[in-house]
Amino acid sequence: MKEIALGFLTALFLVIIAMPSLIKVAKLKHLVDEPGDKRKLHRRSVPTIGGILIFAGTILGFSLWFPSSSAYELGMVYDPLRALHEFKFLVASMFILFFLGLKDDIIGVSPSKKLMVHMVVGAILVFMADIRIRDFCGLFGINDMPDYISYLFSVFVYIVIVNAINLIDGVDGLAGGIGLIASFTFAYWFYQTMDLPLALLAAGLGGALLGFLVFNFNPARIFMGDSGSLTIGVVIYVLATQMIDFPVDRLPAGIRGVSKPVLAMAILAYPLIDTIRVFFIRTIQGRSPFSADKNHIHHRLLALGLNHRQTVLCLYGYTAFIIVLAFLMPANRPNISFLIVGGVALALAQGIFFIPTKEEKKMKAKIGEQAA
């Protein structure tokens, strides 16, 4: 539909046209991330407020071309009243998270305050907008969930997704590129289901991220900051949840054979696996799960000798491969599909940690010499 293309192009051109001015203002006002911390991979001052235009582009592309009731009358299958109901709560949630992220980018916000805001946004989306996971379509033997479990689980999923997207924002172009691939996949899926508002939302985010990557791909001229990663996280939560909750009887034949929960998790395979992995390691080491380190998958790829561009392209390919694999899995056997897709995703992600780096080889050789 033309609205989807227009939403994508509106977001794309807004970001491309406005970003040079934003970079200039950020440097003049010294809203930059300085090098120096050994965890940081950049070696020069870089503005940190690129999320302003990711947010603006997504909102503008989505709201400007939001479908009218005439689109529904022409054959779209969405409920225009429900779409408008969800729209107002989504936009409200995006504004709250945008200002939280912007404040954190400029002066910082404590983890406890962040959690409080996330609980509020989670409540708005789950309890007020009713955007939640109601069943797992047979995955793990779960179909319809009791309401109280559905509400609590959905808030938990929201918090996991927004934090997972935030945690992978560690290499130029990584979070933006993974978000772009996710957006395009959701846009395709919802276009196939003829759900125009959700396809438009995904396209708007995709256009904003594509424009952002022009300035964020290595060497980055600007970072998205929390204002950007939180915007991506909340939109992806809505799209993933609505995908899982989409009525099976309204699915076209082309995608009816795909397990919705498995596909949603495949789209988020990299951020989810990386987040669970680092949280687990930090916990067993007796550290806070939210403490910073250099134990992410992208850090390992860099340690193995890949440069920034090679690292992000490798992870783009990984994400695309897992998504394609999920599309090939049968919906009538969701547990088998999950085991195959999840097993492959985990094996590929964890396998690189069995490849020794140059430093590890030198250390092993040194230990061998001392033992001899």
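**Group meeting talk: a walk through the model**

Okay, let's start in a loop: methionine 194 sits between α7, which covers 174-192, and α8. Before I go on, please keep in mind that this is a predicted model. What is the phi of methionine 194? It's about 65°, a positive value, although this residue is not a glycine. For background, most residues other than glycine have a negative phi, and most peptide bonds are trans. As for cover, methionine 194 has a relative accessible area of 30%, so we call it partly exposed.

There's another one like that. Histidine 30 has a positive phi too, near 60°, and again we're not talking about a glycine. You'll find histidine 30 in the loop between α1 and β1, with β1 being 32-33. Buried or exposed? Histidine 30 counts as exposed, because its relative accessibility is 52% and the cut-off for exposed is over 50%.

While we're on backbone oddities, go to the loop between α8 (196-216) and α9 (225-245), where proline 219 is found. The bond joining asparagine 218 and proline 219 is a cis peptide bond, with omega at about 0°.

Now, helix α1. Histidine 30, the residue with the positive phi, follows this helix. How far apart are the end C-alpha atoms of α1? They're 39 Å apart, and that agrees with what you'd expect, because 27 residues at 1.5 Å a residue should span 39 Å. There is a kink in α1, though: about 40° at methionine 19, shortly before proline 20.

Which residues of α1 are buried? There's a whole list, including Glu3, Ile4, Phe8, Leu12, Val15, Met19, Leu22 and Ala26. If the spacing in that list catches your eye, remember that an α-helix has 3.6 residues a turn, so residues three or four places apart point the same way. And what do the buried residues of α1 pack against? Their partners are β1, β2 (46-47), α2 (51-64), α7 and α8.

Then there's the outside. Leu9, Phe13 and Ile17 make a nonpolar surface patch of about 310 Å². Take Ile17 from that patch: it belongs to helix α1, residues 2-28. Isoleucine 17 is exposed because its relative accessible area is 66%.

For a contrast, jump to threonine 319 in helix α14, residues 308-328. With a relative accessible area of 1%, threonine 319 is buried. What is threonine 319 in contact with, leaving aside neighbours within four places in sequence? That would be Ile178, Ile181, Ile267 and Tyr270.

Let me swing over to helix α5, residues 111-128, which is where phenylalanine 127 is found. Phenylalanine 127 counts as partly exposed, since its relative accessibility is 46%. Leaving aside neighbours within four places in sequence, its contacts are Gly122, Tyr151 and Val155. To get a feel for distance, phenylalanine 127 and alanine 11 are 116 residues apart along the chain, and their C-alpha atoms are separated by 29 Å.

Last topic: salt bridges. Side chains of opposite charge can pair when their charged atoms come close. How many salt bridges does the structure hold? There are 6. One of them is formed by the side chains of lysine 114 and aspartate 104, at 2.8 Å from N to O. Lysine 114 lies in α5 and aspartate 104 in α4 (residues 80-106), so this pair ties together parts that are 10 residues apart in sequence. Lysine 114 is partly exposed at 24% relative accessible area, while aspartate 104 counts as buried at 16%.

Next, aspartate 130 forms a salt bridge with arginine 134, and their closest N and O atoms are 2.3 Å apart. Aspartate 130 is partly exposed at 21%, and arginine 134 counts as partly exposed at 22%.

Then aspartate 147 forms a salt bridge with arginine 132, with the closest N and O atoms 3.6 Å apart. Aspartate 147 lies in helix α6 (residues 147-167) and arginine 132 in the loop between α5 and α6, so the pair ties together parts 15 residues apart in sequence. Aspartate 147 is partly exposed, with a relative accessible area of 47%, whereas arginine 132 is buried at 6%. And here's how it comes together: salt bridges that share partners join Asp130, Arg132, Arg134, Asp147 and Asp245 into one network.

Technical notes. Residues are numbered from 1 along each chain as its sequence is written. This is a predicted model: local features need pLDDT of at least 70, side-chain atom pairs count only at pLDDT 80 or more; totals for chains, interfaces and linings use all residues. Side-chain values use heavy atoms; hydrogens and water are left out. Patches are made of residues with over 30% relative accessible area and no salt bridge: like charges are joined within 9 Å, nonpolar side chains (Val, Leu, Ile, Met, Phe, Trp, Tyr) within 5 Å. Accessible areas come from the Shrake-Rupley method with a 1.4 Å probe; for residues, only the protein chains shown count as cover. A salt bridge is a side-chain nitrogen of Lys or Arg within 4 Å of a carboxyl oxygen of Asp or Glu. Helices (H or I, at least four residues) and strands (E, at least two) are DSSP runs, numbered from the N terminus. Buried means under 20% relative accessible area, exposed over 50%, partly exposed in between (1.4 Å probe, protein chains only). Contact means heavy atoms within 4.5 Å. The expected span of a helix is 1.5 Å times one less than its number of residues. The bend at a residue is the angle between axes fitted to the seven residues ending there and the seven starting there.
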